[in-house]
Amino acid sequence: MKKIVILGLGARSTLFYQEALHQLYFETKGKYATFPFIVKQLDFNLINPYLPDNAAVISPILKRELEEFDAPEVHLLVPNITIHQIIDTLDFQLQIVHPYKLLISELANKKGKKVVFFGTKYTINSSYLGSFITENLIEKINIEDVLFLDEMRKKIYIYAETSQDIILYNKLLENYSRNAIVVIACTELSIINKSCNTNIIDLVKLQCHECLQILLD
């Protein structure tokens with residue numbers, strides 16, 4: 001039997017994924033339906049100081065904590081986009097609901113279009129993205145906007161964003177999406193995404209819809 005396991009990390013991002021899954025499942029099943037996932041909660045403070053790329057510390061923790069779920073029928077949903085670069089290096093039997101692999105499929109009908117990423121400063125400047133995006137030109141956003149997004153996601157993590165922050169962020173989304181595909185590659189930035197623009201791809205939404213499909217198949 002297929003199982004969806006959420007690796008619980010930051011409190012707000014983990015809860016955001018849970019609520020999104022419940023909403024999708026309710027919209028599909030109706031009545032009192034709730035998504036039957038399992039949460040494996042970690043103390044995020046064991047990992048967060050070593051993100052984004054200290055695999056020597058993070059990898060053994062992930063291997064140890066996920067050992068009980070390491071089976072082919074398990075589909076792991078990780079509510080942190082950045083950490084997938086380390087997860088890719090680990091040897092698991094379980095299957096990863098991988099945001100960037102889902103993005104490849106999503107971009108299949110948008111070949112040749114420019115793509116910009118909204119994420120952490122590390123993600124936006126990482127060569128890791130190029131290993132997935134081969135049919136589209138990745139365009140860097142302005143340095144001022146990189147810094148704005150990096151500060152914004154930190155504020156969201158601690159519930160410190162204001163209504164004005166949300167307005168400014170969504171205006172920035174709309175501005176960039178006029179001439180490019182915008183990929184939201186940070187869970188905190190997905191939390192305040194209010195857009196339904198088809199030029200905006202939210203990786204959290206891709207992951208959650210994939211989990212629903214896995215369960216329904």
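Are Y128 and F132 buried or exposed? I looked them up, keeping in mind that this is a predicted model. Both Y128 and F132 turn out to be buried.

**Entry 1: the rings**

I searched the whole structure for aromatic pairs and got nine. I picked Y100 and Y128 to look at: their ring centres are 5.6 Å apart and the planes sit at 85°, an edge-to-face pair. I then checked where the two rings sit in the chain. Y100 is in helix α4, while Y128 is in the loop between α5 (121-124) and α6. They are 28 residues apart, so I noted this pair as a link between distant parts of the chain.

Next I wanted to know how covered these two are. Y100 has a relative accessible area of 2%, so I wrote it down as buried. Y128 comes out at 13%, and that counts as buried because the cut-off is under 20%.

Y128 also pairs with F132: the ring centres are 5.1 Å apart and the planes are at 80°, so I put this pair down as edge-to-face too. Following the ring pairs, I ended up with a cluster of Y100, F117, Y128 and F132.

**Entry 2: α4 against α9**

Y100 sent me to its helix, α4 (residues 99-106). The axes of α4 and α9 come within 9 Å and cross at roughly 95°. That angle falls in the range from 65 to 115, so I call α4 roughly perpendicular to α9. From α4, the residues in the contact are P99, Y100, L102, L103 and E106; from α9, they are L203, L206, Q207 and E210. Sorted by class, I have six nonpolar, one polar and two charged residues.

**Entry 3: α1 against α9**

I stayed with α9 (residues 203-216) and turned to α1 (residues 11-29). Here the helices pack at an angle of about 50°, and the axes are 10 Å apart. With that angle, I describe α1 as oblique to α9. I also noted that the crossing is right-handed.

Who touches whom? On the α1 side I found residues including F16, Y17, L21 and Y25, and on the α9 side V204, C208, L212 and L216 are among them. The class split for this contact is 12 nonpolar, three polar and one charged.

**Entry 4: a loop residue**

Last, I looked at I158, in the loop between α6 (143-157) and α7 (163-177). Its relative accessibility is 59%, so I listed I158 as exposed. I also checked I158 against E188: they are 30 residues apart along the chain, and their C-alpha atoms are separated by 9.9 Å.

Methods:
Residues numbered from 1 in each chain as written. Predicted model: local features only at pLDDT ≥ 70, side-chain atom pairs only at ≥ 80, totals over all residues. Heavy atoms only, no water. Axes fitted to C-alpha atoms, helices over the stretch in contact; angles between N-to-C directions. Helix = DSSP H or I, 4+ residues; strand = E, 2+ residues; numbered from the N terminus. Parallel < 35°, antiparallel > 145°, perpendicular 65-115°, else oblique. Left-handed = near helix turned anticlockwise from the far one by under 90°. Contact = heavy atoms within 4.5 Å. Nonpolar A, V, L, I, M, F, W, Y, C, P; charged D, E, K, R; others polar. Buried < 20%, exposed > 50% of the residue type's maximum accessible area, 1.4 Å probe, protein only. Phe/Tyr/Trp six-rings, centres within 6.5 Å; stacked < 30°, edge-to-face > 60°.
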